Amino acid sequence: MKRHKTKTRHTASNSDAGPEKPSLPRPAARAGLRSAPGRPLPHPFRKGRICLALTFVGGLTLEARRKNIVLPVEDASLPAVVRLKLIDGCLPTVAAGDTVAEGERVAENDDGFRILSPVCGEVTAADDGFVTVRSTRGGEPVGLPPVESPVVSLSYEDVSERLKQAGVVGAMSGVPVYRKLARAKGKAKRIVINCLESDPYSAHISRLVTDNAEEIVNGAKILMHAVCVKRSVIAIEENRTEAIRALRNAVYDKTLVSTALFKPKYPAGNELLTVNAIYGREVRSGRTPEESGYLVLSAETLLNVFNAFAYGTPQTRKVVTVSGNAVSRKKILRVRNGTSADEIFANCDGFAVQPGAVIEGGIMRGRSVGPDECATLSTNVLVALPKKPLDVDGDCIRCGRCVRVCPMHLAPLKLVSQSKDGQIEGCLAIGLDACIECGCCAYVCLGKVNLLRHIRAAKAQAHPPALPPDAAEQTPPDVPPESAPAAETPPAAADAEVAPVDAVPTDAASADAAPAVSEAAPDDPVQAFLDEFAPAAEAGKREESDGEPNG
Ligand code: SF4
Ligand code: SF4
């Protein structure tokens with residue numbers, strides 16, 4: 001007898017929904033989901049209502065890389081030496097030979113922001129932008145007294161002062177949180193609790209949210225009070241079911257904190273894209289989200305804020321995802337600031353095979369580091385690859401794939417061609433500063449063009465680092481400062497009329513720039529593709545979002 005197999009259909013957009021149920025909730029049935037198999041089922045956390053996850057045009061779906069999501073957070077062992085990077089203009093307050101306790105200040109800037117020692121031990125060096133401490137066992141850690149008074153009695157100054165004393169920095173950007181708070185004061189309308197992973201290999205944010213949801217929400221409430229914001233939004237990927245459940249239980253007042261579910265897509269964790277997807281607002285180039293009214297903070301940052309207030313814990317540790325096929329055991333580790341890459345991998349039983357490369361900062365946009373490179377308070381991912389990535393720089397075959405995946409709606413191939421020709425002004429005119437260096441264009445490039453390297457080189461040329469004051473004083477007075485860039489600029493580019501940089505990423509500026517490009521290459525097939533793509537991208541950008549958080 002012939003047997004018939006029963007097929008089970010799963011929805012592509014919602015991995016938690018499982019097999020199609022025999023009966024759907026009434027609103028979903030009314031929406032005709034049964035007769036439209038491509039449509040998503042109702043989300044499990046929105047009973048009886050259709051929930052469409054937010055997304056953005058471009059980007060890449062690279063979910064398969066994130067395999068260590070179920071791992072717990074482990075404390076790394078005590079490193080022999082830590083090398084602390086001095087950020088935000090901090091200068092050492094200790095000298096070689098001094099003894100420090102864990103949590104004691106080793107550097108401070110003019111605003112009172114502190115860098116704190118993550119170990120007890122002896123300072124062996126304090127120069128060249130680093131403080132090095134050799135650790136010793138024993139010794140009592142020092143901390144701040146917990147804040148006993150209710151949050152509503154704290155002023156903005158109280159909150160800012162505590163953040164400086166505890167040395168709290170953004171877990172993604174490494175920018176001190178007191179600076180973000182100062183930029184947001186008087187301007188912020190919403191706080192976005194960013195629970196999105198920053199890289200395809202990163203897995204620790206979801207783990208932290210699952211384990212510390214209530215603390216993260218309370219950390220956000222402290223900052224909401226400080227900058228007088230009435231509502232926060234949690235941004236989280238729709239397939240992080242455990243984390244979403246923990247957040248649901250932690251949020252008691254849904255008028256204060258709502259949830260925006262995102263499709264799992266890289267680089268959703270970028271704060272500009274997060275704001276754009278939730279509110280449909282583009283942050284102008286050269287401005288921060290805080291200046292545009294949105295204070296975006298990572299879940300890990302908010303956990304550190306809460307710990308600084310509730311327990312007086314200074315920020316001396318960072319949670320890092322250690323992954324890659326060359327590492328023996330993939331782990332999520334809580335490492336001390338300044339721990340070397342070698343010691344971090346030793347906590348994962350070393351390497352299964354000799355690594356071809358160790359990438360810090362993510363597989364898509366990170367940089368290759370040596371064994372002595374030290375973790376900072378903004379290190380998120382360490383990936384050990386068995387093979388060294390090919391160091392090739394091919395030629396563009398004008399396939400247009402880089403344009404299709406660029407989440408900032410740029411034309412990476414044009415940025416690179418202008419950069420190669422030395423036309424930095426031209427690069428700026430077509431949105432060089434709007435590039436978030438996500439690396440999507442380089443990932444999909446069929447011509448193996450090293451797009452990210454060229455874009456970074458163009459940015460470095462466009463914005464050279466400022467000379468230190470003493471070096472500037474040594475500049476001969478008879479050399480005009482603008483002479484060097486003028487000599488490098490080709491005459492044609494120098495004569496061209498260039499739009500102001502901060503006006504470029506807006507829609508109006510893009511529209512203005514388009515005719516000039518078309519005139520330069522009227523029969524260019526890639527340009528034809530770009531012209532066709534741009535309006536379609538704008539129209540489709542918000543097709544799955546109604547502009548409001550969906551939870
Ligand atoms: S041009 Fe910049 S923003 Fe666009 S895909 Fe490339 S790296 Fe990402
Ligand atoms: S993806 Fe690479 S080969 Fe294709 S158009 Fe862009 S730069 Fe050229």
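Which residues surround ligand 2? Here are my notes on that and a few other spots; keep in mind that this is a predicted model.

1. **Around ligand 2.** Going along the chain, the residues that surround ligand 2 are Cys396, Ile397, Arg398, Cys399, Gly400, Cys402, Leu413, Cys445, Gly447 and Leu451. Sort this shell by character and you get seven nonpolar residues, two polar ones and one charged one.

2. **A four-stranded sheet.** Have a look at the open sheet built from four strands, which run in the order β2-β8-β7-β4 with antiparallel pairing. At its edges stand β2 (81–85) and β4 (99–100); each has a single partner strand, so one side of each is left without a neighbour in the sheet.

3. **Zooming in on one pair.** The edge strand β2 is joined to β8 (residues 130–135) by five bridges, in the antiparallel sense. If you want a place to start tracing, pick Leu84: its bridge partner in β8 is Val131.

4. **A buried acid.** Next, find Glu197 in the loop that links β9 (190–194) to α4 (204–226). Glu197 is buried but has no salt bridge. The nearest side chain of opposite charge belongs to Arg240, and it is 4.9 Å away, whereas a salt bridge needs the charged atoms within 4 Å.

5. **What Glu197 does touch.** So which side chain makes a polar contact with the side chain of Glu197? That would be Ser202, at 2.6 Å. There is also a backbone neighbour: the nitrogen of Ile205 sits 3.3 Å from a polar atom of the Glu197 side chain.

Key:
Residues are numbered from 1 along each chain as its sequence is written. Chains are lettered from A and ligands numbered from 1 in the order in which they are written. This is a predicted model: local features need pLDDT of at least 70, side-chain atom pairs count only at pLDDT 80 or more; totals for chains, interfaces and linings use all residues. Side-chain values use heavy atoms; hydrogens and water are left out. A residue is near a molecule or strand if one of its heavy atoms lies within 4 Å of it. Ala, Val, Leu, Ile, Met, Phe, Trp, Tyr, Cys and Pro count as nonpolar, Asp, Glu, Lys and Arg as charged, and the others, Gly among them, as polar. Two strands pair if DSSP finds at least two bridges between them. Helices (H or I, at least four residues) and strands (E, at least two) are DSSP runs, numbered from the N terminus. Buried means under 20% relative accessible area, exposed over 50%, partly exposed in between (1.4 Å probe, protein chains only). Lys and Arg count as positive and Asp and Glu as negative; His and the chain ends are not counted. A polar contact is a pair of N or O atoms within 3.5 Å; within protein, one must be able to donate a hydrogen and the other to accept it, and residues adjacent in sequence count only if both atoms are side-chain atoms.
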